[in-house]
Structures are given as structure tokens and as C-alpha cells.
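User: I am new to this structure and would like a close look at one part of it. Please take a single buried residue, describe its surroundings, and then place it among the other parts.

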Amino acid sequence: MTEGKANEVSLWIPVIGSPEKRLAAIITIPNRESVDDAFLKGFSPRTRRLAILMHGLGGHKNYTYHRILAEKLARDLGIFSLRFDFRGCGDSDDSDDANGRVLERDVHDIESVVRFIEQGGYDGINFTLDALVGHSRGALAMFKWTIQHWEKFQKGEKAYNVPNLINCGGRFFGKGLWERCLHNHPDFQTTGGFYIDAMRYGVYQKVFITKEEIKSLSAQDMSIQFKAHFESLVNVLSIYGLEDSIIPMQDAAEYGNALGSCHTLKFITGADHNYYGTVKGHIHPECPLNSRGYVNYNYKVTQLIVNYLSHTESLHRFYKSTQTLKITPRWKKVEGIHNFRSLGGWRIDSNHYVREGLIFRSANTSGVTPKGIEQLRRLGIKAVFDFRSSEEIKNDGRFDADQIDWIHVPAFKDVNLSPDALVLRYKSLLTSWATYKDIYSDTIYQGKASFKKVFEFIRDNENTPILFHCTVGKDRTGLMAMLILLLVGVDETIIAREYELTTLGLEPLKPHIKEKYRHQLKRIIDNLDNDKQGREILINQITKGRANFELESDGFENLVSSRYEAMLDTIEIVNKEFGGIQNYMEEHLGFTPDDIEVIKRNLTSTSDSFDIANEISNL
């Protein structure tokens with residue numbers, strides 16, 4: 001772990017419906033230093049991703065892994081995190097509820113936190129709620145809140161979609177808690193509850209746990225809760241200590257059975273329910289001892305969560321869960337064209353989907369073979385939109401086939417925006433993937449005429465499949481895909497993940513791109529052979545002083561990146577700088593409201609059915 005502490009700010013969050021009651025919270029802020037200092041320290045660029053951390057029975061916002069995880073998410077992934085005390089816990093206010101801290105009250109507290117964040121409660125930042133992390137009963141509240149929002153979504157009501165749920169030692173069968181309480185407190189039903197030692201206002205004191213609180217928790221049966229409530233785009237990581245004496249290991253296995261392919265289960269050998277060792281003095285190579293001499297496995301928990309939320313693991317989970325649409329592959333094997341996939345099938349709301357078999361995206365089509373052309377015809381494609389400049393077409397050729405129109409719509413008519421040419425024009429792209437949002441902002445504005453042509457075709461040609469592309473199918477193509485999906489109402493996190501899939505789509509092209517990149521990089525450096533000072537300035541501008549930064553490898557990976565976070569920032573630019581997608585379509589592309597409704601109608605379907613004739617599963 002990098003030395004130094006992340007920046008933390010204490011917050012008071014009003015409870016919905018009872019604003020006089022407040023939840024005590026801490027938000028951890030990534031890289032509050034200058035950008036250059038953050039690079040020097042090896043920190044990840046700051047993102048708008050946010051994780052909410054929730055404690056369990058008798059816990060508080062700073063126990064177990066909470067503080068450790070908050071710091072590491074900030075440093076390694078640039079993720080904000082907010083950890084809070086439920087009412088009646090830690091530093092939060094009491095609720096004046098005679099029934100105590102029942103589970104529904106915890107769910108209400110989560111809703112209060114989410115609403116506070118959504119309304120710009122911290123510094124006006126428009127966060128993307130990326131993960132919920134719940135420990136023990138905090139995990140139960142997390143799942144119950146998620147299920148309630150899924151039910152709202154199904155009814156067409158406003159709902160929050162959180163793609164990553166982290167279950168740390170959560171109980172699956174609630175009845176096990178009732179049995180445990182009977183064993184430890186045989187008379188609690190007649191006395192109305194029992195006392196535990198818990199942190200309150202900075203000191204441990206006796207806190208009364210009511211019978212009604214235990215009853216509310218014991219009534220939970222996750223096998224019933226999960227039924228028909230989760231889909232493949234929700235990811236769940238469960239982490240259990242193998243020495244957990246509170247939650248039976250059967251509960252861990254049941255989560256896997258109930259959630260299937262969207263679930264990942266991790267065990268930590270030697271860890272108890274709070275992720276501490278059970279043998280005093282035992283040494284672990286990756287985890288320090290706590291003050292009582294037991295291994296603190298919370299560092300292991302933290303690393304598992306950080307890995308799970310990392311770019312690489314998130315990308316591969318999304319790819320795996322979205323490879324097929326019912327029975328057909330999203331990715332199409334069209335000979336001579338790379339990075340070829342469908343934009344159809346994404347859910348818009350409970351009754352609408354992006355129309356399947358209609359919109360496709362890819363890399364350069366000029367190398368398509370006769371077999372590939374036939375495959376395009378079988379997909380029903382009638383028009384190919386090419387966003388490349390005239391120079392790129394001159395260098396690499398263009399698509400040409402009978403029965404399929406080639407339509408040249410250069411985003412920048414006389415500017416080569418292929419990856420190797422970007423090295424000369426936008427050297428900042430070598431520094432970090434986070435700089436792409438600035439180039440994308442420019443492209444959204446400069447490429448208006450090109451994007452308008454595509455939308456006009458969709459408006460005027462119902463049920464007519466099209467393909468659009470640029471050189472590698474990443475930047476101009478990615479922006480066109482984003483505008484389409486944003487217009488019809490696909491969730492922003494799905495749009496950004498769809499963009500990120502290009503990371504995998506580019507793999508076959510990377511050796512070729514890298515060779516061109518090396519050539520351009522050499523030209524830049526060679527031009528400064530007689531200017532030692534200028535060369536040093538340029539290199540430092542790109543590397544930001546990072547001694548271990550290699551222009552040829554690290555710079556290249558940044559150049560060809562298609563990061564989820566970069567597209568989230570780009571969507572934020574559409575919303576803030578262009579007034580949202582509706583305003584962009586009207587004020588910048590010149591469409592009328594009626595035009596926009598026709599375009600949206602042509603792009604969507606009212607069910608997840610699709611025309612199998614347009615989707616040949618062996619392509």
C-alpha cells in the first residue's frame with residue numbers, strides 16, 4: 001500500500017422523512033493533490049465512481065476493513081467511497097423507534113445516503129454509484145435495498161442500478177440468527193431483547209438489541225428474496241472467513257446456488273467473521289497483526305474487493321455476461337473486419353430494448369473479404385458509414401461492395417485521427433487514459449455533421465440495418481454508439497461498459513497499431529535530437545516525472561485504451577456542456593422533437609424478441 005493517507009471529509013446526512021435525524025458519514029476523496037503530484041505518487045486518476053460501505057450488527061463506519069478499503073480504493077482505482085453509521089450506531093442519531101434497528105430502517109438509511117449523493121450532497125459531484133459493500137447484516141440491507149429498486153424498475157418507476165454488490169459474511173438464512181440468539185440469550189424473548197457492547201460516540205458501551213430487531217433479521221430468506229430479481233448485469237462478490245463461527249459456510253454456498261453465474265465466492269483461510277485470525281501470534285506474509293496479536297485479514301478482504309472492481313476484472317465480467325443475446329452472439333465474425341459487434345438487445349426499461357439486428361459497429365472495413373461481404377449481407381446491412389478522414393481512406397482504402405452503400409461522413413474531414421496519428425496531435429493521450437474525455441468533447445462538437453447523417457438515416461429508413469466505423473472502432477465509433485444508446489435511455493454504466501469492450505475487440509489489431517505508434521514516436525524524438533532541453537521537457541510532459549513510465553509500453557497502452565471511466569466522463573460532458581442528449585439532438589444536430597421521437601421509435605422494440613433471420617448464430 002502506498003504511504004500516506006487519503007483525504008477524508010466528515011458529513012452529516014439527513015434521514016429521508018426525518019431531516020432532524022442525521023447519519024454520520026465519512027467520504028474518502030481520491031487524489032486531492034495536484035494531478036502531477038498524483039502521477040508521481042503512482043495514484044490512479046480520480047474518477048466519479050463511488051462505493052458505499054455498510055457495517056453490520058454492533059459495528060460502525062470505521063471497523064473491520066472499512067477504513068483500509070476506503071484508502072485503497074482511492075489510491076489504486078481513483079474511486080470515492082462513503083462509509084456511514086446506521087441510525088443508533090457509531091456517531092449517528094437514534095431513531096426513537098421502539099422496535100429498534102429493524103432491517104427496513106437500515107434500508108431506509110441506505111436510501112437516504114443514495115438520495116443525498118444523487119442530489120449532489122458532496123461538492124456537487126455527479127457520482128456514478130458503482131458498488132455497495134455490506135458486512136454481515138449490512139449485506140442483508142444492501143440486498144434488500146437492491147431488490148426494492150429492481151422491483152421499482154420493473155414497474156417503470158425511477159430506480160437506481162448498482163452494478164457491483166460486495167457481500168462480506170452476509171447471512172443467507174435468517175432463521176440461523178434467531179437460533180444463535182436463543183443459544184446465547186435464552187431469555188431474550190421474555191426480556192424483549194439483550195445487550196451487546198458496541199461503539200457509540202467514540203466509546204464502547206452497552207447497546208440494547210430488541211426482539212423485534214432480531215425478528216426482522218431472522219425473517220429474511222434470501223432464496224425467496226433473490227427469486228427473479230437479479231439479472232446477469234448485476235455482479236456479486238461474496239467473501240467469507242473459513243473460521244467464521246457466526247455464519248455457517250452453508251450460507252456462503254447458498255449465495256452461489258441462488259445467484260449463479262453473476263456470483264463470485266472467495267474464502268479466506270484462517271479468518272473469522274470480522275476477518276481476524278483465531279490463533280494468536282500466527283504470522284501471515286501479506287497481513288499484519290492487530291493490537292491483540294491476531295492476523296488482520298481485512299487487508300486480504302480489501303485486496304479482493306479492489307481486484308474485483310479493477311478495470312481488468314470488471315471488463316472480463318461484463319464481456320462474459322454479454323457475449324450472447326438469447327441464442328446469438330453479440331460479437332460477429334465478419335472476415336476481414338475486427339471489433340465487430342451489435343448494439344442491439346440492451347435493456348432500456350422494463351418494457352423496451354434496443355432493437356436487435358439493426359445497428360452494428362466495427363473497426364475499418366477496407367480489408368473485408370468476399371466471404372465477409374456475404375456475411376454482412378446475411379446480417380441485412382444496407383449501409384456502411386465511414387467516419388475516417390480523407391487521408392485515412394487514402395492510406396488504408398475503403399469499403400466497396402454491391403448492394404451495400406458506402407457513406408463517407410468524416411468526423412474531421414482533413415484530420416487524421418487514427419491512433420498513430422493521434423500521437424502527433426494529442427500527446428497528452430500518452431500520459432493517461434483519463435485525458436480522452438477532452439478529445440471526445442472536441443469530437444462531439446466537431447463531428448456534429450457526421451453524427452447527424454447517421455441519425456437522419458435511422459430516421460428515414462425504418463428496419464434498415466447499418467454499420468458504422470472509424471479506423472479501429474474506438475473513438476469516433478465509440479462516440480456514435482454512446483449517442484445512440486444515450487438517446488434511447490440505456491443506463492449510463494452499460495453504455496460505458498459497452499465502450500470498454502473495445503479493449504478486447506482491438507487485441508488482434510494491437511501489434512499493427514503498435515508498429516505504427518513506434519514509428520511516430522521515433523519521429524517525435526528524432527526531431528528533437530539537437531534540442532536536448534526540448535526533448536527532456538517533452539518527455540517530462542508525457543511521463544509527469546514518473547521514473548518507471550515507459551513511453552513505448554505505458555504510453556501505447558494509454559493511447560489505445562477505452563476505459564469505462566473515460567466514457568462516464570464523456571457522458572457527463574454531454575449532460576453538462578451540451579445540455580443533455582435531447583438538447584444536443586435539437587440545438588446542435590438540428591432535429592425537431594418529432595424527428596427525435598421517430599429515431600427513438602426506430603431504434604427500440606417493446607420486447608426482447610428479435611428477428612433471428614437477421615441474427616445468424618454461426619457468424
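Analyst: With a relative accessibility of 2%, Asn164 falls under the 20% limit and therefore counts as buried. The model is a predicted one. Asn164 belongs to strand 6, which covers residues 164–168.

Two polar contacts of the Asn164 side chain can be described. One reaches the backbone oxygen of Asp130, at 3.1 Å. The other, at 3.5 Å, is made with the side chain of Asn235. Leaving out residues up to four places away in sequence, Asn164 touches Asp130, Ala131, Leu132, Asn235, Tyr308, Leu309 and Arg317. Asp130 and Asn235 thus appear both in this list and in the polar contacts, Asp130 through its backbone oxygen and Asn235 through its side chain.

Lys332 can be set beside Asn164. Lys332 lies in the loop between strand 12 and strand 13. Its relative accessible area is 5%, so Lys332 is buried. A polar atom of the Lys332 side chain lies 2.4 Å from the backbone oxygen of Pro329.

The loop that holds Lys332 also holds Phe340, while Phe360 lies in strand 15, so the pairing of these two rings ties together parts that are 20 residues apart in sequence. The ring centres of Phe340 and Phe360 are 5.9 Å apart and the planes meet at 40°, so this pair counts as tilted. Phe340 and Phe360 are both buried.

Phe360 leads on to a sheet. Phe360 stands opposite Leu467, a residue of strand 18. Strand 15 (residues 359–362) and strand 18 (residues 466–469) run parallel and are joined by four bridges. They belong to an open sheet of five strands, in the order 13-15-18-16-17 and with mixed pairing. Strand 13 (341–342) and strand 17 (405–408) are the edge strands; each has a single partner strand, so one side of each has no neighbour in the sheet.

Strand 17 is joined to strand 16 by four bridges, and these two strands run parallel. Within this pairing, Val384 has Trp406 of strand 17 as its bridge partner. In a regular strand, side chains alternate between the two faces of the sheet. Strand 16 (residues 383–386) is covered on both faces, with Ala383 and Phe385 buried on one side and Val384 and Asp386 buried on the other.

The nonpolar cores give a wider view. The largest one has 78 residues, and those with the most contacts inside it are Ile359, Phe455, Phe468, Met482, Val490 and Met585. Helix 17 (residues 476–488) supplies the largest share of this core, 10 residues. Apart from this core lies another, of 58 residues, including Val15, Leu103, Val114 and Ile214. For Phe455, the contacts beyond four places in sequence are Met480, Leu483, Ile484, Leu487, Met585, Leu589, Phe591 and Ile599.

Aromatic rings also pair elsewhere: a search of the whole structure finds 22 aromatic pairs. Tyr436 and Tyr440 form a tilted pair, with 5.3 Å between the centres and 40° between the planes. Both residues lie in helix 15 (residues 436–446), four residues apart, about one turn of the helix. Tyr436 and Tyr440 are both buried. Ring pairs also link Phe143, Phe172, Phe173 and Tyr255 into a cluster.

Helix 15 also contains Ile439. The relative accessibility of Ile439 is 7%, so this residue counts as buried. Neighbours within four places aside, Ile439 is in contact with Tyr426, Ser428 and Leu429. From Ile439 to Asp475 the distance is 9.2 Å, C-alpha to C-alpha, and the two are 36 residues apart in sequence.

Two further rings have a charged side chain over them. The charged end of Arg22 sits over the ring of Trp12, 3.9 Å from the ring centre. Arg497 lies over the face of Tyr564, 3.5 Å from the centre of that ring.

To return to the starting point, Asn164 is buried at 2% relative accessibility, and its side chain makes polar contacts with the backbone oxygen of Asp130 and the side chain of Asn235.

Terms used. Residues numbered from 1 in each chain as written. Predicted model: local features only at pLDDT ≥ 70, side-chain atom pairs only at ≥ 80, totals over all residues. Heavy atoms only, no water. Buried < 20%, exposed > 50% of the residue type's maximum accessible area, 1.4 Å probe, protein only. Polar contact = N/O pair within 3.5 Å; in protein donor to acceptor, adjacent residues only side chain to side chain. Contact = heavy atoms within 4.5 Å. Core = buried A, V, L, I, M, F, W, Y, C linked by side-chain atoms within 4.5 Å. Pairing = 2+ DSSP bridges. Phe/Tyr/Trp six-rings, centres within 6.5 Å; stacked < 30°, edge-to-face > 60°. Lys NZ or Arg CZ within 6 Å of the ring centre and 35° of its normal.
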